[in-house]
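Me: Please take a close look at the enclosed spaces inside this structure. I would like to know what lines them, set out in one connected account.

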Amino acid sequence: MELRKINDLTWEIPKAGPMRVPATIYASSRLLEGVKRDLTLQQAKNVACLPGIQRMSYVMPDAHQGYGFPIGGVAAFDLEEGIISPGGVGYDINCGVRLLRTDFAEKDVTAKRKELLAEIFKEVPAGVGKGGITKLSRGVLRDILTKGAEWAVENGFGTSDDLVMTEENGRMKDADPAHVSERALERGIPQLGTLGAGNHFLEIQKVAAIYDPATARVFGIEAEGQIMVMIHCGSRGLGHQVASDYIELMENTFGTKGLPDRELIHAPIRSPLGRQYYEAMCSAVNYAFANRQMIAHWVRDVFAKVLGTSNGMRQVYDVCHNVAKFEKHLIDGRVREVCLHRKGATRSFGPGRPEIPPVYRSSGQPVIIPGSMGTASYLLVGTEAAEDLSFSSTAHGAGRVMSRHEALRRFRGEQIRDELLQKGIELRSSSWKGVAEEASAAYKDVEEVVRVSHEVGIGKMVARLAPLGVMKG
Amino acid sequence: MKKKFRYLNHTADAKFQAFGRNLEEAFANAALATASLMWNPEKVGPNVSYPVAVEGRDLEQILVRFLEEIVYFFETKGFLLHSTEDLRVEKTPDGYRLRGVFRGDHHSADHALFGEVKAVTYNEIKVETGEGVTLQVVLDI
C-alpha cells in the first residue's frame, strides 16, 4: 500500500482503485509504526471506498484496528448519496468522558483519598454483571432514551448547569425508542447508572501541569494541584445491542456482497432503515448521557459526605467519542450538512461554533482525552484549524498496542496495584484480571498521542491531569 | 484429545478459533470460548437449562446470533453457561436455523466473573467446513 509523507506528522494513502477519496493519517513516525502492525490502514482505505464519503477518510493519532472502520476513524458522508454505518460508530455507542472540576486542592484530599475511593466504589456500581440501583419500568427507560441526561436532572441527579456543559446538552433530539429492540431494552434495564468493565474507569485526579493558563481558567482550572474527577463509560449492553441489531437488519436488507469486511455494512442515510438506525443510535447516546449524569451525581454526594461539601464541583464538559451526527462543515468552499462518523474520536470544535456552550464560544470546546490506567489524562481545546484538518475531530485516548491476552500473560493485577501505590495512586477494582488487561504498558503513550494532536493543530494542550485514585470496573 | 478452541492475538479485542468434527461440535466449542472470557464454565454447575433457537441468512449470522445469546442470557438473567447440549444446525428455505439447550447456573457469590463481552462481531469471521469445521470470531470486549 502506498503511503505518502505529507509532513512529519501527516501521511496520506493516495486515492487508488475503488477509493473515492484519499485517506489521511495523523501520526508521528513512532505511532505510525504501531499503526502499520495491524489492519488500521487497510480499514481507513476501506472507509474511503464507501458511497458519498466527503474529502478524506481520516485516522486520528491514537488509531488502532477496529471492525469495519478503524478505532480513531473519522468520516463524513453526503446526505443524498451517503451512508450511515453502525460499524462507523462502534458497539459502545456514546462511550465518552465527563470531567468535573473542584475547589479542592491536593492537600485537602491526600489523607482522605482512600476513603473517597472506597465510598465511590460503594456508590457507583462497576464491574462485570453488576446491576444498577434502580429497577426500571420499560416506560421509564423509554423516557430516558428520549430525554437523556435531562431525565436524570429532572429526577434529582445533578443540576441543569450540567446539561449546558454536556455535548448536545445531554440529549440527542432525534432519539426514538420505538426503533430500539425489546432485547436492547432488556439489557438496558438492569445496567443504568453502572460504570461497566473493560477500559472504563473513574478517577480522582490532580492538575499536574497547565500549558495554556488563559484557556485553563475558562475551563475552571486555576492552579496545579487542583482536584478533578473524570468518568469514562458508555451505553452498556443497550448500546451494544442496538449496534448488533442494526448490523443484522442492514445485512438482511442490503446483503453483504462486495463488502471487504462485513462490519462495513451500511444503509443509505435517506433510507428508512438508515433513519431508524440513527434514531435508535440517538436513544443509546441518551442512555449513556443519563448514565454519566447519575454517576457524576453520586460522586458529588460522596465528596460532600467525606470532605464536607461538594460546592464548586462543576462540570467542565462531557464528550462522546463513539457517535454519528449531522453537522455542518466547510467542504469545497461551501458549508454543507454531512453525516459525520466519529469512532474513537472526539469532537474538537473551535471558537465560534454555535453547538458549544456559550462560556466556551470564544475559547473553543474542552476536549477530554483519558489516558490508560494509572497514567495521565489530558484536557485539550478544540481549534478552528481542525475544521479543515479533520472535520473538527481529534484523538480519544491512548489506544491499545497489546492484546488483552498478552497483557494477562505479562502482568498481574495485584502487582500493578502495588506499583501504582508506590507512585501514590490508590486503585480499586472488582477484578485483578481486569486490572492486568488494562495495564498501561498495553497502551500507546498518551503523551505522544496528545503531542501529535497539539502539533498538527486538531486539539491544543491545556492541562495535564494525573490520577490520585483510580476505580476500575 | 484435539483442542476445542484457541485464542489468537488481537490488539484490542478477543479473537478465537473453535474446532469440531461437525458444525454442532464447533458451535459448542465456540460457546465455551466465549463464556471462558467472562467466567470459568467448568466451575459452573449444569443446574439450569434454557432452550436456544436462532435463525439467520447464512452460517456466519447464526454463529453471531448464537454467541450473542450467551451475552444476552448473562446480562438479562444472570445466567452463566456451563455447556451446550443437543445442538442442531439445519438448512431452512431462507438460510439456517440452530436449536439446542444452554446448561449452566444463575450467578451467585460462588462464581468469579472476570471479563465482559460487549458484542459478537462479523470482523474476520470465518466458517470453514471441510475435513472438520473451524470457526473464527472476534468478540468486542
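Reply: For the linings, residues are sorted into three classes: Ala, Val, Leu, Ile, Met, Phe, Trp, Tyr, Cys and Pro count as nonpolar, Asp, Glu, Lys and Arg as charged, and the others, including Gly, as polar. The model is a predicted one.

Searching the whole structure gives four cavities of 30 Å³ or more. The largest cavity holds about 490 Å³ of space. Its lining is made up of 33 residues, and those nearest the centre are A:His64, A:Ile71, A:Asn199, A:His396 and B:Lys118. By class, the lining of the largest cavity has 11 nonpolar, 13 polar and nine charged residues.

The second largest cavity holds about 150 Å³. It is lined by 17 residues, with A:Gly198, A:Glu437, B:Phe114, B:Gly115 and B:Glu116 closest to its centre. Six residues of this lining are nonpolar, five are polar and six are charged. Helix H15 of chain A, residues 432–437, contributes the most to the lining of the second largest cavity, namely three residues.

Apart from the cavities, one residue of chain A can be described singly. A:Glu406 sits in helix H13 of chain A, which covers residues 404–410. A:Glu406 counts as buried because its relative accessibility is 15%, and the cut-off for buried is under 20%. The side chain of A:Glu406 is in polar contact with the side chain of A:Arg409, at 3.0 Å.

Terms used. Residues are numbered from 1 along each chain as its sequence is written. Chains are lettered from A and ligands numbered from 1 in the order in which they are written. This is a predicted model: local features need pLDDT of at least 70, side-chain atom pairs count only at pLDDT 80 or more; totals for chains, interfaces and linings use all residues. Side-chain values use heavy atoms; hydrogens and water are left out. Helices (H or I, at least four residues) and strands (E, at least two) are DSSP runs, numbered from the N terminus. Buried means under 20% relative accessible area, exposed over 50%, partly exposed in between (1.4 Å probe, protein chains only). A polar contact is a pair of N or O atoms within 3.5 Å; within protein, one must be able to donate a hydrogen and the other to accept it, and residues adjacent in sequence count only if both atoms are side-chain atoms. On a 1 Å grid over the protein atoms alone, a cavity is a set of points where a 1.4 Å probe fits but cannot get out, and a pocket is an open set with protein on both sides within 12 Å along at least five of seven lines; lining residues have an atom within 4 Å of a point. Grid points are joined across faces, edges and corners, and a volume is the space filled by probe spheres set on the points.
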